[in-house]
Amino acid sequence: MDIAYDGSFTYGFQKQKSLMSVQGTVEGALKAVCGSYIPVVGASRTDRGVHALHNVVSFVLRDDALYERVVRRLPVMMPEWLTIRNCVRESANFSARFSTVTKTYAYVFIKEGGWTPFLARYAYRLEYPVKTDAMNEAAHALLGTHDFKGFGNIDPSRPHRDTTCTLSTADVVETDKAVIFMVSGDHFLYHMVRRMAYFVLKAGQGKIGVETWNNAFAGPDVPYTRQVMAAGGLYLVAVDYA
């Protein structure tokens with residue numbers, strides 16, 4: 001099931017005991033429709049405040065009649081901040097999380113003069129000019145297969161997860177009012193995208209130069225790799241499968 005949501009309304013994707021979450025909201029609706037608890041797996045367990053233009057969840061239903069009921073009733077049961085974009089059958093071994101081939105994220109910066117208070121939960125405000133050419137060079141230096149542990153945290157639920165990731169795209173796009181850091185990869189570590197966005201921003205501010213971004217994976221002492229950008233500017237843009 002393809003879904004989109006405004007992350008500022010929830011405490012993240014993952015189910016919380018007494019707090020609103022994306023997973024908890026979908027599972028609650030499924031229980032109401034199906035009459036029993038149906039566990040949901042998500043492609044990306046986005047953090048509190050992070051938005052999704054496209055996330056994917058998967059779950060198992062017992063028969064076709066139940067599937068038809070879910071397809072018909074679940075979309076109208078969603079709150080205003082969560083939309084079901086599509087629901088289809090998949091093979092029995094499909095997992096929204098583990099069958100993923102590529103995920104794409106975007107981090108949005110609003111340029112000087114383009115800010116309004118209505119963007120406070122949806123972008124990061126730039127109060128100074130940045131050099132987007134330098135940001136792009138720093139982004140391109142992250143491409144390829146590397147050990148990204150310097151940019152990530154250990155996921156408590158997967159403490160032994162491999163920290164080697166492959167980035168297929170990493171670009172900075174500029175519009176009249178915004179600067180957008182776009183990145184695609186096979187998988188991402190906890191807080192990795194927001195840390196990369198901070199690193200790229202520092203390149204745009206002139207805080208780091210070619211020597212630093214060309215040695216971004218040299219070790220734990222590389223500057224500006226541990227700071228985490230605010231959640232509201234981050235969007236899960238797409239999830240792709242083979």
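## Ser 21 and the start of α1

Ser 21 counts as buried, at 2% relative accessibility. This is a predicted model, so read every value here as computed from predicted coordinates. Ser 21 sits in the loop between β1 (2-5) and α1 (22-34). What does Ser 21 touch, leaving aside its neighbours within four places in sequence? The contacts are Thr 10, Gly 12, Phe 13, Gln 14, Lys 15, Gln 16 and Trp 81.

Right after that loop comes α1, with 13 residues. From its first C-alpha to its last, α1 reaches 18 Å, close to the 18 Å you'd expect at 1.5 Å a residue. Its buried residues are Val 22, Gln 23, Thr 25, Val 26, Glu 27, Ala 29, Leu 30, Val 33 and Cys 34. Note that Gln 23 and Glu 27 are on that buried list along with the likes of Leu 30. An α-helix has 3.6 residues a turn, so residues three or four places apart point the same way. As for what covers the buried residues of α1, the cover includes β1, α2 (64-77) and β4 (82-86).

## Helix α4 and Val 193

Now for α4, which runs over residues 192-204. How many of its residues are buried? The count is 13 of 13, so the helix is mostly covered, going by the cut-off of under 20% relative accessible area. The length works out too: 13 residues at 1.5 Å each should span 18 Å, and the end C-alpha atoms of α4 are 19 Å apart, which agrees. Just after α4, Gly 206 takes a positive phi of about 80°.

Val 193 belongs to this helix. Is Val 193 buried or exposed? It is buried, because its relative accessible area is 6%, against a cut-off of 20%. Not counting residues up to four places away in sequence, Val 193 touches Tyr 105, Phe 181, Val 183, Phe 188 and Leu 234. Val 210 is another matter: Val 193 and Val 210 are 17 residues apart in sequence and 20 Å apart in space, C-alpha to C-alpha.

## Helix α3 and its surroundings

Helix α3 covers residues 132-140, and there Thr 132, Ala 134, Met 135, Asn 136, Ala 138 and Ala 139 are buried. Which elements do the buried residues of α3 pack against? They pack against the strands β5 (100-110), β8 (164-174) and β9, plus the helices α4 and α5.

## Gly 144 at the edge of β7

Gly 144 lies in strand β7, which spans residues 144-147. With a relative accessible area of 24%, Gly 144 is partly exposed. Beyond residues up to four places away in sequence, Gly 144 touches Cys 165, Thr 166 and Leu 167. Gly 144 and Ser 168 are 24 residues apart in sequence, yet 6.4 Å apart in space, C-alpha to C-alpha.

## Two positive phi values outside glycine

Most residues other than glycine have a negative phi. Two residues here go against that. His 191 has a positive phi of about 70° although it is not a glycine, and it is found in the loop between β9 (178-185) and α4. His 191 is also buried, with a relative accessible area of 18%.

Tyr 224 has a positive phi of about 65°, again without being a glycine. It lies in the loop between α5 (210-213) and β10 (234-241). Is Tyr 224 buried or partly exposed? At 26% relative accessibility, Tyr 224 counts as partly exposed.

## The whole chain

Zooming out, the protein chain has 5 helices and 10 strands. Its C-alpha atoms fill a box of roughly 60 × 40 × 30 Å, taken along the principal axes. A compact globule of 242 residues would have a radius of gyration near 18 Å, and the chain has 19 Å, which agrees. Of those 242 residues, 49% count as buried.

Among contacts with a separation of 6 or more, residues 24 or more positions apart account for 71%. On the outside, the chain exposes about 12200 Å², and carbon and sulfur atoms supply 51% of it. Charge-wise, there are 26 positive and 23 negative side chains, with the centres of the two sets 8 Å apart.

Definitions and conventions: Residues are numbered from 1 along each chain as its sequence is written. Side-chain values use heavy atoms; hydrogens and water are left out. Helices (H or I, at least four residues) and strands (E, at least two) are DSSP runs, numbered from the N terminus. Buried means under 20% relative accessible area, exposed over 50%, partly exposed in between (1.4 Å probe, protein chains only). Contact means heavy atoms within 4.5 Å. The radius of gyration is taken over C-alpha atoms; the globule rule is 2.2 Å times the number of residues to the power 0.38. Accessible areas come from the Shrake-Rupley method with a 1.4 Å probe; for residues, only the protein chains shown count as cover. Lys and Arg count as positive and Asp and Glu as negative; His and the chain ends are not counted. The place of a charge is taken as NZ of Lys, CZ of Arg, CG of Asp or CD of Glu. The expected span of a helix is 1.5 Å times one less than its number of residues.
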